[in-house]
Amino acid sequence: METAPKPGGDAPPKKNKLRAKRKKPRERRNPEPQRTLSGAQDPFPGPAPAPVEAARKFRRIDKSKKLLHSKSKARSRLEAAEAEEEEASLRAARSELLLAEEPGFLEGEDGEDTAKIRQTDIVEAVDIASAAKHFDLNLRQFGPYRLNYSRTGRHLALGGRRGHVAALDWVTKKLMCEINVMEAVRDIRFLHSEALLAVAQNRWLHIYDNQGIELHCIRRCDRITQLEFLPFHFLLATASETGFLTYLDVSVGKIVTALNARAGRLDVMTQNPYNAIIHLGHSNGTVSLWSPAMKEPLAKILCHRGGVRAMAVDSTGTYMATSGLDHQLKIFDLRGTFQPLSSRTLPQGAGHLAFSQRGLLAAGMGDVVNIWSGQGKGSPPSLEKPYLTHRLSGHVHGLQFCPFEDVLGVGHNGGITSMLVPGAAEPNFDGLENNPYRSRKQRQEWEVKALLEKVPAELICLDPRALAEVDVITLEQEKKERIERLGYDPEAKAPFHPKPKQKGRSSTASLVKRKRKVMDEEHRDKVRQSLKQKQQQKEDGKKPKPTGTRSSALDRFMH
Amino acid sequence: MKVKMLSRNPDNYVRETKLDIQRVPRNYDPTLHPFEVPREYVRALNATKLERVFAKPFLASLDGHRDGVNCLAKHPKSLATVLSGACDGEVKIWNLTKRKCIRTMQAHEGFVRGICTRFCGSSFFTIGDDKTVKQWKMDGPSYGEEEEPLQTILGKTVYTGIDHHWKEAVFATCGQQVDIWDEQRTSPICSMTWGFDSISSVKFNPIETFLLGSCASDRNIVLYDMRQATPLKKVILDMRTNTVCWNPMEAFVFTAANEDYNLYTFDMRALDTPVMVHMDHVSAVLDVDYSPTGKEFVSASFDKSIRIFPVNKSRSREVYHTKRMQHVICVKWTSDSKYIMCGSDEMNIRLWKANASEKLGVLTSREKAAMDYNQKLKEKFKHYPQIKRIARHRHLPKSIYSQILEQRVMKEARRRKEVNRRKHSKPGSVPIVSEKKKHIVAVVK
């Protein structure tokens, strides 16, 4: 019996029918109870209870998004991936039992207002090690101070306006270096580790070693007012009086881009630690969002009726707190609508804002620091009543929460103060990311790995997970090109050919009837689709006309 | 007031003595690990680049034959032994760990057409252009003895291929017809034939051990059943098949190395369409061998290269070539799925790694974990254009590269003409034939 391959019509060829059957995932049998020599049995058999609520934060797949043009193979793989993610998130939630530390707290008794509790009271009530974390450095000679903690929270860099630059390990109070740069210091930042410091001096940007040796003087960055370091991209962003936002790659030592913000003097800058976007505050009340990949700002948000004086973004990138010359302190939602969530009028405008790792917001107004807290890590701070307040011996010039300690560092006219803020910091750090107790060897290994996985600057955008999305545009482009090349669409549905049946069910009349059935079904689907589209168009057309336009006699000539 | 400050005891975070390992507490909260996707992407990019940096597959060249190597055979029980037959009738046995020839014998006058080992590994058979089948002992001759075959069988016609049964004391030769021999007899127990042309190679199925596949000069592949002593079915292709190899893991799948520069993987149960057409060679494919995992195979071609194909893909994942390697006649994948041996025209047998960037030897557990992680990253990000570009890049000799470009132009021209013909003729008169079906002429049962 000779069978040559049948020449089909214009039908795209069918797939091979003999495919290996997909195996179902093996179900794990319940393990039999372990029998020990002593006869003792596990009083809590089975795996540890997995809190379903906690598992939610480990899920990354957005199930509401649907994939268009998906084939059954891709869909089945997606389903398998979603099932795996469920299991993995439960396991990760279960592993949270192993986290050793608990966050701090401060509660007043019998309706006592925590804001009235003074730092000295807290110092008395707390253990010696924590009490030692509260200190005041009286440095009146060299001007108001700005400060910066390193990424691990172990080291502190301070820069006084009259040129005093120092770096120390504030926990052991061991001084690393102390120099006077003989020029005004406007801002100071640690680079990726405690080994390097960037100092924005009066004229240019200087980079120092933690021993005080000047390593670089970058003359292209002149008259800088603010510095921000993007740790995962090794980029130092500088905002200057000339209105330029310059990104400097500190690993290779090249200026990535110098963007003209076209808004005059740039005074107010902060970074969003979630997506590495730089926020610039302007004197017309707007906040613009910048990425080194684009010459124009990614977004502009109108925040205040006067100029914006301070901004801060929390560590998850969800909330932005801004304060302006109109004495308002507002919290905006960054991941979604960019609308203000809450606002508060302050007696005096806040010149400095800082978020802690657990969502506490600190505002420096004059010589007073107010701290507001929220429900926990994910929620915005409620601006009703402050959690803590403190009056300093001089006006606030710098504010930063220490990364893994319950401490707020304040730089002011009279030096540096380290305040105790129970519940501010993330209690459990990850040893492979930032480890305050790392040894020299561990730091070197970490530095090499961080440099190897340095993210290129072009990948900075509003959604850091954008790289994981399906590139629908390229997919559609490729599909179009393939259809053009082949002359037919290989994925189009093959026209229906009724299968030949036995026992007289394959007569011409029944074949025609079967074909008609399928054709009618397809026709009905098409009609339904077109009806839906027409309804959609109607609804779009019914949208309300823009208010403020009065109907006039000339309208008949418009449409 | 109730107050508690976060206070860590350094004893819990710093190691006690210098001899301990460092303590690394872990917290998998995603907020502590920002930029997951871009960092993983950069790690995948680095892993792909490093794979190309460490891709050094060539291991050794076994020198010693005085004419081109015509056939290779693996020892079924010893990974380090390989047998090779040359075009001047010499058969050499090599030790791969020492990379030396341990035994030489002048087996035939003329080409050694085929060589195959017995399943127990105690002896092997060779056939030559002098119409003889000789059986030899695997252990060398003891002191004072001469190199003599255990048995010599004289035939009437030239034999072109030999293969031994995987379980019984039976072997098959092919020439004018396919003969099944019992080892004790000097004449075949049965002969099977279908058609009038000479048969170039025969192979036993390793799983369904009574099945045989053979390729003949009249462009067909015939399957035989040894129990019924009849041919089962045949498939006629466009051009002649040089060799056939059965998949050691799937009982009914075999791959045919064809003269039209392609390889065809067939499912025995449905011969009308090949499961996959593997196209990457630019000249006739001479030999094919499967990996013991059954997931990949290696093919040797008249263009001076060998290519490794996955069974389910139509493009090769790897190409090995050297300036000194000329037309590759035979290729084998070792039984531990780690190495590939190829024998070529210029009298050398070359040993290659199956995974070009694999580190040989014992790996520490950390090395293994790091390599597994990198492998998973490469798989996860393999569709991204930058990573695909780097992973795909192979240096090719100028001859192969220019041939590829030329053949691409020719294929493009043919395709364009067919599209135009279809566009300008009555719809349905120019049928769309899939690439798989194009090369099959007929299936006969």
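**Strands, sheets and cysteines in a predicted model**

Let us start with two neighbours in chain A: strand β24 (residues 352-355) runs antiparallel to β25(A), and four bridges join them. Strands here are DSSP runs of E with at least two residues, numbered from the N terminus, while helices are runs of H or I with at least four residues. Two strands count as paired if DSSP finds at least two bridges between them.

Before we go on, note that this is a predicted model, where local features need pLDDT of at least 70 and side-chain atom pairs count only at pLDDT 80 or more, although totals for chains, interfaces and linings use all residues. Residues are numbered from 1 along each chain as its sequence is written, chains are lettered from A and ligands numbered from 1 in the order in which they are written, and side-chain values use heavy atoms, with hydrogens and water left out.

Back to our pair of strands. A:Leu353 has A:Ala363 of β25(A) as its bridge partner. Five residues lie between β24(A) and β25(A) in their hairpin, where A:Gly359 takes a positive phi near 90°. On its way onward, β25(A) also pairs with strand β26 (residues 368-372) of chain A, antiparallel again and over five bridges. There, A:Gly364 is matched with A:Val369 in β26(A). This second hairpin has two residues between its strands, and A:Gly366 in the turn has a positive phi of about 65°.

Why is β25(A) described as largely enclosed by the rest of the structure? Five of the five residues of this strand (residues 361-365) are buried, so the surroundings largely enclose it. Buried means under 20% relative accessible area, exposed means over 50%, and partly exposed lies in between (1.4 Å probe, protein chains only). A:Leu361, A:Ala363 and A:Met365 point one way from β25(A), with A:Ala362 and A:Gly364 pointing the other way, and all are buried.

Now look at two open sheets of chain A. One has four strands in the order β16-β17-β18-β19, with antiparallel pairing. Its edges are β16 (268-272) and β19 (299-302), each with a single partner strand, so each has one side without a neighbour in the sheet. Within it, β16(A) meets strand β17 (residues 277-281) over five bridges, and A:Met269 stands opposite A:Leu280. The other sheet, also of four antiparallel strands, follows the order β3-β30-β29-β28. Here β3 (135-138) and β28 (396-401) stand at the edges. Five bridges link β28(A) to strand β29 (residues 407-412) in the antiparallel sense, with A:Gly398 partnering A:Gly411.

What about cysteines? A disulfide is a pair of cysteine sulfur atoms within 2.5 Å, and a search of the whole structure finds zero of them over all chains. B:Cys215, for instance, has its nearest cysteine sulfur, that of B:Cys174, 7.9 Å away. B:Cys215 is buried, at 0% relative accessible area, while A:Cys461 is partly exposed at 27%.

Finally, how confident is the predictor? pLDDT expresses that confidence for each residue, from 0 to 100. Chain A averages 89, and 92% of its residues score at least 70. Residues 1-11 of chain A, however, stay under 50. Where pLDDT is low, the predicted coordinates should not be read in detail.

Key:
pLDDT = per-residue confidence, 0-100. Contact = heavy atoms within 4.5 Å.
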